[in-house]
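Student: Could you take a close look at the salt bridges in this model for me? I'd like to know where the partners sit, and then what surrounds them.

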Amino acid sequence: MTKRIDVAAAVIRKNGYTLLCSRPKNSSLADFMEFPGGKCEPGETPEQCIVREIREELGIKVIPYDRIHVLEHHYPDKFVRVFFIRCFITSDSPPPAPLDNQEIKWVPSGSIHEENLLPADLPLAKLLAEAHISAKNHSLCNKTAPPGVN
């Protein structure tokens with residue numbers, strides 16, 4: 001029987017960039033980038049999990065806002081259900097710092113799907129990139145529209 005794991009992943013965006021982390025060097029799939037987060041503990045909601053995981057991994061305080069996507073992915077050795085949660089860094093939080101032997105980086109939101117992401121994270125990354133590009137193009141169109149035209 002395949003092991004099933006619930007995972008919470010934070011979607012943290014700021015000024016047109018999205019926060020991504022590398023997998024810890026000593027973990028499975030260590031060569032991939034991911035939305036930061038981790039496994040839900042028994043009895044823990046995805047929102048509780050993401051607050052704990054982000055504090056442990058990045059040393060920051062986040063406020064989970066909403067679940068923006070849920071997907072299921074089959075890896076060879078496990079089945080994961082990923083809860084993607086839009087989060088905001090609190091104003092009194094220190095800047096993110098890699099505390100779990102990983103790299104962190106802010107990636108332009110329109111190109112996050114070009115990173116070497118975990119297979120379970122890639123579908124959402126593509127949707128977010130498309131939405132970012134679409135919103136940016138819509139904004140540009142509105143800025144160049146003649147007065148009185150919506």
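**Salt bridges and their surroundings**

Tutor: Let's begin with Asp 66, which is partly exposed, with a relative accessible area of 25%. That label fits because buried means under 20% and exposed means over 50%, with partly exposed in between. Keep in mind as you look around that this is a predicted model.

What does Asp 66 pair with? Its side chain meets that of Arg 86 in a salt bridge, at 2.6 Å from N to O. This pair links distant parts of the chain: Asp 66 is in strand 5 (residues 62-74), Arg 86 is in strand 6, and 20 residues separate them. Arg 86 is partly exposed too, at a relative accessible area of 32%.

That's one pair, and the structure holds 11 salt bridges. Another is formed by Lys 105 and Glu 115, whose closest N and O atoms are 2.9 Å apart. Lys 105 belongs to strand 7, while Glu 115 is in the loop between strand 7 and helix 2, so this bridge ties together parts that are 10 residues apart in sequence. Have a look at how open the two partners are: Lys 105 is partly exposed at 28%, and Glu 115 is partly exposed at 22%.

Now for some partner-sharing. Glu 41, Glu 44, Arg 52, Glu 53 and Glu 56 are joined into one network by salt bridges that have partners in common. Zoom in on one of these links, between Glu 56 and Arg 52: their side chains meet at 3.3 Å, N to O. Both residues lie in helix 1 (residues 46-58), and they are four residues apart, which is about one turn of the helix.

Is Arg 52 buried or exposed? It counts as buried, because its relative accessibility is 14%, and the cut-off for buried is under 20%. Its partner Glu 56 is partly exposed, with a relative accessible area of 43%. If you skip residues up to four places away in sequence, Arg 52 touches Lys 39, Glu 41 and Glu 44. Also find Gly 38: it is 14 residues from Arg 52 in sequence, and their C-alpha atoms are 9.1 Å apart in space.

Next, the cysteines. How many disulfides does a search of the whole structure find? The count is zero. Cys 40 is in no disulfide, and the nearest cysteine sulfur, which belongs to Cys 49, is 3.8 Å away. That gap doesn't qualify because a disulfide needs the two sulfur atoms within 2.5 Å. As for Cys 87, it counts as buried, at 1% relative accessibility.

Let's move on to the nonpolar interior. The largest nonpolar core has 21 residues, and those touching the most other members are Leu 20, Phe 35, Val 80, Val 82, Phe 84 and Ile 112. Strand 1, strand 6 and helix 2 (122-144) each contribute at least two residues to this core. A separate core has 14 residues, including Ala 10, Cys 49, Ile 50 and Ile 85. If you click on Ile 112 and ignore its neighbours within four places in sequence, you'll find it in contact with Thr 18, Leu 20, Phe 35, Val 107, Leu 117, Ala 125, Leu 128 and Ala 129.

Not every nonpolar side chain is tucked away, though: Ile 63, Tyr 65 and Phe 88 form a nonpolar patch on the surface, with about 330 Å² of accessible area together. Phe 88 is in strand 6 (residues 78-89), and it is partly exposed, at a relative accessible area of 40%.

Finally, check two loop residues for their backbone angles. Asn 15 is not a glycine, yet it has a positive phi of about 50°. You'll find it in the loop between strand 1 (3-14) and strand 2 (17-22), where it counts as exposed at 70% relative accessibility. Asn 101 also isn't a glycine, and its phi is positive as well, near 60°. Asn 101 is in the loop between strand 6 and strand 7 (104-108), and it is partly exposed, with a relative accessible area of 46%.

Methods:
Residues are numbered from 1 along each chain as its sequence is written. This is a predicted model: local features need pLDDT of at least 70, side-chain atom pairs count only at pLDDT 80 or more; totals for chains, interfaces and linings use all residues. Side-chain values use heavy atoms; hydrogens and water are left out. Patches are made of residues with over 30% relative accessible area and no salt bridge: like charges are joined within 9 Å, nonpolar side chains (Val, Leu, Ile, Met, Phe, Trp, Tyr) within 5 Å. Accessible areas come from the Shrake-Rupley method with a 1.4 Å probe; for residues, only the protein chains shown count as cover. A salt bridge is a side-chain nitrogen of Lys or Arg within 4 Å of a carboxyl oxygen of Asp or Glu. Buried means under 20% relative accessible area, exposed over 50%, partly exposed in between (1.4 Å probe, protein chains only). A nonpolar core is a set of buried Ala, Val, Leu, Ile, Met, Phe, Trp, Tyr and Cys residues joined through side-chain atoms within 4.5 Å. Contact means heavy atoms within 4.5 Å.
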